[in-house]
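Dear colleague,

I am passing on a structure that you have not seen before, and below it you will find what came out of a first look at its helices and strands. Please keep it open beside the text as you read.

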Amino acid sequence: TEEIKVRLQSVAPSFSISGIGLRFPGSPERKSGLYQALQVSWERDSSGLYSWSIKDRDSGALVQKFKARQLEVVGSQLRINLKPVAGRLTLIPKSGAEVRTEVIVTLDLEEYLRGVLPAEMPKDWPLEALKAQAIASRSYALYRKRAREKAGASHHVESTVMDQVYRSLDADLASVHENIQRAIRETEGMILVSTRDLASPLAAYFHSDCGGHTEDARIVWGEASAGTAACPHSSSSEWKAEFTLAEIESRVS
C-alpha cells in the first residue's frame, strides 16, 4: 500500500483543530484525551525547536504544552479552522520571511484519489474516462512522490493546480460518488510507466482542454517523457469569430 503526503494549505501560527478522540503522538504526555475542539499555537525558541500550546477552544484552559519540530495529530472527523481534513495530520511551522503553519495530511494513495477525481473531472462523465483519469492521477502522484522524496521535501504533492487538485471529503460524503469509487476500484494499482524504465511511474501530465494543439511535453517540462504536438479531438480545436468591417478598422487604425 502506497501512502501520499498532501500539502493542503498554510494557516496562521494560531489555529483551531476539532475532531473526535484528538491525540498528539509526539507529545511527552501519553494520556489519551477526548478533546472536541482545541486552539493550537506555536512559538520558536532559541534552540530551533517550537513550543506548542494546546488549549480548550471554548474555556481557554491549557490542555498540553511541549516542544517539538512539528505536531502530529490523530483522530476522526478532523477539521482545521472548520475545514474537513482526512488522514493523519502533520503541522509544520515555517518561521522565515512568512510565518505560517503548513498543513500536511498522509493518506492511502487510493483514498487520495477519491478526493482528486471529482475535483479534476465531472463525476457523471463516462466510466472509462474516469478510469483513464484515475490511472493518470495515480501515475502523476507516484512520480511526484519519488521526486520530492529524493529532494527531501516534507510533502509529496500540492492540493492545487500546481500538482493536481485534491479536496478533502467528509467521511459521510466519501461513499456518495459511486462512479468515482468504481473507477478507482477497477484500476487499483494500475499506473503508466516510463518507456526508459518500467519501474518508474510516468509524469502523466494532463489538462482539461488543449485548444487543438499542444507543444511536445519534453520541451515544456524538460523531461524525457512521451508527448504529442497535436490534440485533434478537442472540442475547441476548431473555432470561428466574426467581426464587422468597422470593428476591424477601429483596431488597426
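**Two helices and a central strand**

In this predicted model, helix 1 (residues 109–120) packs with helix 3 (residues 178–186) at an angle of about 135°, and their axes are 10 Å apart. Because angles over 145 degrees would count as roughly antiparallel and those from 65 to 115 as roughly perpendicular, helix 1 is oblique to helix 3. The crossing of these two helices is right-handed.

As for the residues that bring them together, Glu110, Leu113, Arg114, Leu117 and Pro118 of helix 1 are in contact with Ile180, Gln181, Ala183 and Ile184 of helix 3. Sorted by class, this contact between helix 1 and helix 3 holds six nonpolar residues, one polar residue and two charged residues.

The other part worth your attention is strand 9 (residues 99–108), which is mostly covered, with seven of its ten residues buried. Strand 1 (residues 3–11) runs antiparallel to strand 9 and is joined to it by eight bridges, and within this pairing Arg7 stands opposite Ile104 of strand 9. Strand 8 (residues 88–95) also pairs with strand 9 in the antiparallel sense, over eight bridges, and here Ile92 is the residue that stands opposite Glu102 of strand 9. Strand 8 and strand 9 form a hairpin, with three residues lying between them.

With best regards

Conventions. Residues numbered from 1 in each chain as written. Predicted model: local features only at pLDDT ≥ 70, side-chain atom pairs only at ≥ 80, totals over all residues. Heavy atoms only, no water. Buried < 20%, exposed > 50% of the residue type's maximum accessible area, 1.4 Å probe, protein only. Helix = DSSP H or I, 4+ residues; strand = E, 2+ residues; numbered from the N terminus. Pairing = 2+ DSSP bridges. Axes fitted to C-alpha atoms, helices over the stretch in contact; angles between N-to-C directions. Parallel < 35°, antiparallel > 145°, perpendicular 65-115°, else oblique. Left-handed = near helix turned anticlockwise from the far one by under 90°. Contact = heavy atoms within 4.5 Å. Nonpolar A, V, L, I, M, F, W, Y, C, P; charged D, E, K, R; others polar.
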